[in-house]
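Please read the following note alongside the sequence and the structure. The points are numbered for ease of discussion.

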Amino acid sequence: MYTQGLTPQASEDGNDPREAAFQARIDAEDRIEPNDWMPDSYRRTLIRQIGQHAHSEIVGMLPEGNWITRAPSLRRKAALLAKVQDEGGHGLYLYAAAETLGISREEMVEQLLAGKARYSSIFNYPTLTWADIGAIGWLVDGAAIMNQIPLCRCSYGPYARAMIRICKEESFHQRQGYEIMCALARGTPAQKDMAQDALNRWWWPCLMMFGPPDSESQHSDASMRWKIKRFTNDGLRQKFVDATVPQAHLIGLSMPDPDLRFNEATGHWEFGAIDWAEFRRVLAGDGPCNRERLAARRAAHADGTWVREAALAHAAKRRARREAA
Amino acid sequence: MTEAPMPLWEVFIRSRAGLAHRHVGSVHAPDAAMALQSARDVYTRRGEGLSLWVVPSAAITASDPAEKDMMFEPTASKIYRHPSFYDVPDDVGHM
Ligand SMILES: [Fe+2]
Ligand SMILES: [Fe+2]
């Protein structure tokens with residue numbers, strides 16, 4: 001609703017007197033709402049972050065959608081269908097939140113399809129077996145929850161409100177995934193191997209989901225000051241590892257990391273070096289499924305064009321008829 | 001080329017009988033009937049409501065947050081609008 005009549009105010013970041021008042025509001029834990037004055041760089045950062053987040057939800061439907069028709073039981077199929085539908089909803093809440101900043105959904109979708117906007121690197125990995133659906137719910141959604149819970153207190157009101165809704169829905173996603181892993185881990189040796197294989201393939205890419213190490217992260221400082229972000233990448237990654245390792249051990253699975261060890265003194269699980277070259281390669285477009293994912297989105301968008309056009313034409317015709325009557 | 005924008009609608013849900021409709025978000029749709037369908041799918045997947053409203057976003061007139069002082073500040077000094085402004089004997093009991 002806030003996009004109408006909104007003309008982004010020009011401000012030379014850093015020397016606008018309104019900036020101090022803006023920062024004071026943020027420091028006081030006040031929320032920023034769409035038509036409030038904000039520095040351009042705050043607006044741009046949010047548009048980029050919320051847009052990427054929305055794209056991730058939408059592209060994230062693809063790897064799991066791949067298994068809906070092959071789910072092993074009706075119960076699993078209904079749960080997976082509901083989860084994938086939720087992810088579509090998350091994408092829509094987030095596009096709407098980004099639109100309050102003065103960009104349209106059409107523009108954002110265009111950026112995604114043109115390969116100009118990013119989405120989470122994790123969705124460029126393939127889902128090879130049914131166990132991958134368990135691993136995604138447990139690990140990918142688990143990592144997403146770690147990232148998203150602090151975003152419920154983000155300084156930008158519409159983003160924070162969308163995240164509260166999303167977080168409420170996410171916990172079912174993680175539990176259904178872990179339930180799949182539990183069933184496989186307790187199953188035949190072949191099923192247990194399948195679960196372990198999925199964990200082996202998803203573990204490292206999941207650790208990469210939290211983004212580059214703090215020493216290299218370029219957006220962190222301003223985002224922390226603006227309270228868009230409240231924990232650092234490394235901080236969230238550690239929380240995820242600490243939460244997840246015991247869950248794997250509980251069902252007799254092990255992490256694919258020979259350096260993993262519990263540090264009694266700090267109470268944290270220490271883990272081995274992450275292959276950041278792989279992360280950068282996947283982000284740059286050269287992961288196992290980047291081309292396939294974008295091609296699928298482009299095809300879906302192109303195939304739906306006539307439907308959107310017809311629906312708009314139909315609505316215009318009815319409006320004209322009503323006005324003539 | 002950016003395609004034609006799909007109209008925007010604001011979504012309001014009455015979560016329980018006796019409560020007012022509350023703004024929950026927005027959807028894009030070509031007309032009111034499809035906006036209602038879409039709002040149902042996007043915002044009520046877990047029994048969130050008993051009633052839905054969709055309103056064209058363009059139909060909403062909003063106050064300008066930059067003028068909030070002019071708009072709302074005058075009430076701050078009118079403390080005589082509150083019951084605690086008035087002195088009555090303690091022994092009158094609850095009033
Ligand atoms: Fe999601
Ligand atoms: Fe999810």
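1. How much area does chain A expose, and what percentage of it do carbon and sulfur atoms supply? Chain A exposes about 15200 Å², of which carbon and sulfur atoms supply 56%. Accessible areas come from the Shrake-Rupley method with a 1.4 Å probe, and for residues only the protein chains shown count as cover.

2. This is a predicted model, in which local features need pLDDT of at least 70 and side-chain atom pairs count only at pLDDT 80 or more, while totals for chains, interfaces and linings use all residues. Residues are numbered from 1 along each chain as its sequence is written, chains are lettered from A and ligands numbered from 1 in the order in which they are written, and side-chain values use heavy atoms, with hydrogens and water left out.

3. Chain A contains twelve helices and two strands. Helices (H or I, at least four residues) and strands (E, at least two) are DSSP runs, numbered from the N terminus. Along the sequence the order is α-α-α-α-α-α-α-α-α-α-β-β-α-α.

4. Chain A has a radius of gyration of 22 Å, which agrees with the value near 20 Å for a compact globule of 325 residues. The radius is taken over C-alpha atoms, and the globule rule is 2.2 Å times the number of residues to the power 0.38. Of the 325 residues of chain A, 52% count as buried; buried means under 20% relative accessible area, exposed over 50%, and partly exposed in between (1.4 Å probe, protein chains only).

5. Helix α11 (residues 276-286) of chain A has the buried residues W276(A), E278(A), F279(A) and V282(A). These cover an arc of only 160° around the axis, which puts them on the same side of α11(A); the arc is that of the directions from the helix axis to the C-beta atoms. The buried residues of α11(A) pack against α8 (189-208), α10 (233-250) and α12 (290-324) of chain A.

6. S73(A) lies in the loop between α3 (61-65) and α4 (74-99) of chain A. With a relative accessible area of 32%, S73(A) is partly exposed.

7. Chain B has two helices and three strands. Its radius of gyration is 21 Å, well over the 12 Å that the globule rule gives for 95 residues, so chain B is more spread out than a compact globule. Buried residues make up 23% of the 95 residues in chain B. The C-alpha trace of chain B spans about 70 × 35 × 15 Å along its principal axes.

Notes
Contact means heavy atoms within 4.5 Å.
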